[in-house]
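Hi everyone, and thanks for making the time. I'd like to walk you through one structure this morning, so let me put it on the screen.

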Amino acid sequence: LESLQCYNDYQTDLNCTWNESRKAFSIIPMKLQHIRADDPETTDIPLECKAAENNTSFITWTCHKKVPFFVAGTEDFYFFKPTRELKLKANVTLHTSIKPRIPQNLKVTTEKNGDFTLTWETAYGNQTILHGQLQAEVSYKRDWEPW
């Protein structure tokens, strides 16, 4: 969609070309839409587009729209809209999908017997519902061991 190029004749015609992946088109076809910032009556009506026949993995679209007037400095907005309503649905298990922020102020203390004690603070502070509920997982290696 980065291939979009539009131009006008400064009279009545607006023309655009763009390339769309055939694979993407087979899953979610898109239409090119245009809105003019200075025309409150403009709706996001799609441009009339025709596909050029070629044997590549892309469809080359040539699009056209008649416009009532052109004014220097007018902002034109172009966007792509699916040709059908997308209904997305996902079941998410929060405890496996959302990760808490990493611990802060990690400190390692060597005890007299050679053991190590790790202490840290959470990024959430003590006044949240998460206080005392979070667990951290620690990975370590010795100097001579690879990760």
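Let me start with a question for the room: is Phe25 buried, partly exposed or exposed? Have a look while I say one thing about the source: what you see is a predicted model.

Right, back to the question. Phe25 comes out as partly exposed, because its relative accessible area is 29%, and the cut-off for buried is under 20%. Now look at its ring partner, Trp61. That one is buried, at a relative accessible area of 10%.

That brings me to the aromatic rings. A pair of aromatic rings is described by the distance of the centres and the angle of the planes. The count here comes to three aromatic pairs, and I'll take you through two of them, beginning with Trp18 and Phe80. Their ring centres are 4.5 Å apart and the planes meet at 55 degrees, so this pair is tilted; edge-to-face would need an angle over 60. Trp18 sits in strand β2 and Phe80 in strand β6, residues 76-82, so the pair ties together parts of the chain that are 62 residues apart in sequence.

The pair we opened with, Phe25 and Trp61, is tilted as well, because the planes are at 50 degrees, with the centres 5.7 Å apart. Here Phe25 belongs to helix α1, residues 22-27, and Trp61 to strand β5, residues 58-66, so a helix and a strand 36 residues apart in sequence are tied together. If you step back, ring pairs link Trp18, Phe25, Trp61 and Phe80 into a cluster.

Let me stay with Trp18 for a moment. Strand β2, where Trp18 is placed, covers residues 13-21. Trp18 counts as buried because its relative accessible area is 1%. If you like a distance to check on your own copy, take Trp18 to Leu32: C-alpha to C-alpha they are 9.1 Å apart, with their positions 14 residues apart in sequence.

Next, the cysteines. How many disulfides does a search of the whole structure find? It finds two. One of them joins Cys6 to Cys16, with an S to S distance of 2.0 Å. The link of Cys6 and Cys16 is right-handed, with 115 degrees about the S-S bond. It connects distant parts of the chain: Cys6 is in strand β1, residues 5-8, and Cys16 is in strand β2, 10 residues apart. The two ends differ in how they are classed: Cys6 is partly exposed because its relative accessibility is 29%, while Cys16 is buried because its value is 1%.

The other disulfide is formed by Cys49 and Cys63, with the sulfur atoms 2.1 Å apart. Its torsion about the S-S bond is about 110 degrees, so this disulfide is right-handed too. Cys49 is in strand β4, residues 48-52, and Cys63 in strand β5, so the bond ties together parts 14 residues apart in sequence. Both of these cysteines are buried: Cys49 at 19% relative accessibility, and Cys63 at 1%. Cys49 makes the cut because buried means under 20%. Counting bonded cysteines along the chain, the pattern is 1-2, 3-4.

Now for a polar residue in strand β2, namely Asp13. Asp13 counts as buried because its relative accessibility is 16%. Which side chains does Asp13 reach by polar contacts? One is His64, at 3.3 Å, and another is Lys66, at 2.9 Å. Leaving aside neighbours within four places in sequence, Asp13 is in contact with Tyr7, Asn8, His64, Lys65, Lys66 and Phe70.

I'll finish with a backbone detail. Most residues other than glycine have a negative phi. Asn105, though not a glycine, has a positive phi of about 55 degrees. Asn105 is found in strand β7, residues 104-110. Because its relative accessible area is 46%, Asn105 is classed as partly exposed.

That's my tour, and I'm happy to rotate the view to anything you'd like to see again.

Note on methods:
Residues are numbered from 1 along each chain as its sequence is written. This is a predicted model: local features need pLDDT of at least 70, side-chain atom pairs count only at pLDDT 80 or more; totals for chains, interfaces and linings use all residues. Side-chain values use heavy atoms; hydrogens and water are left out. Helices (H or I, at least four residues) and strands (E, at least two) are DSSP runs, numbered from the N terminus. Buried means under 20% relative accessible area, exposed over 50%, partly exposed in between (1.4 Å probe, protein chains only). Rings of Phe, Tyr and Trp (its six-membered ring) pair if their centres lie within 6.5 Å; planes under 30 degrees apart count as stacked, over 60 as edge-to-face and the rest as tilted. A disulfide is a pair of cysteine sulfur atoms within 2.5 Å. A polar contact is a pair of N or O atoms within 3.5 Å; within protein, one must be able to donate a hydrogen and the other to accept it, and residues adjacent in sequence count only if both atoms are side-chain atoms. Contact means heavy atoms within 4.5 Å.
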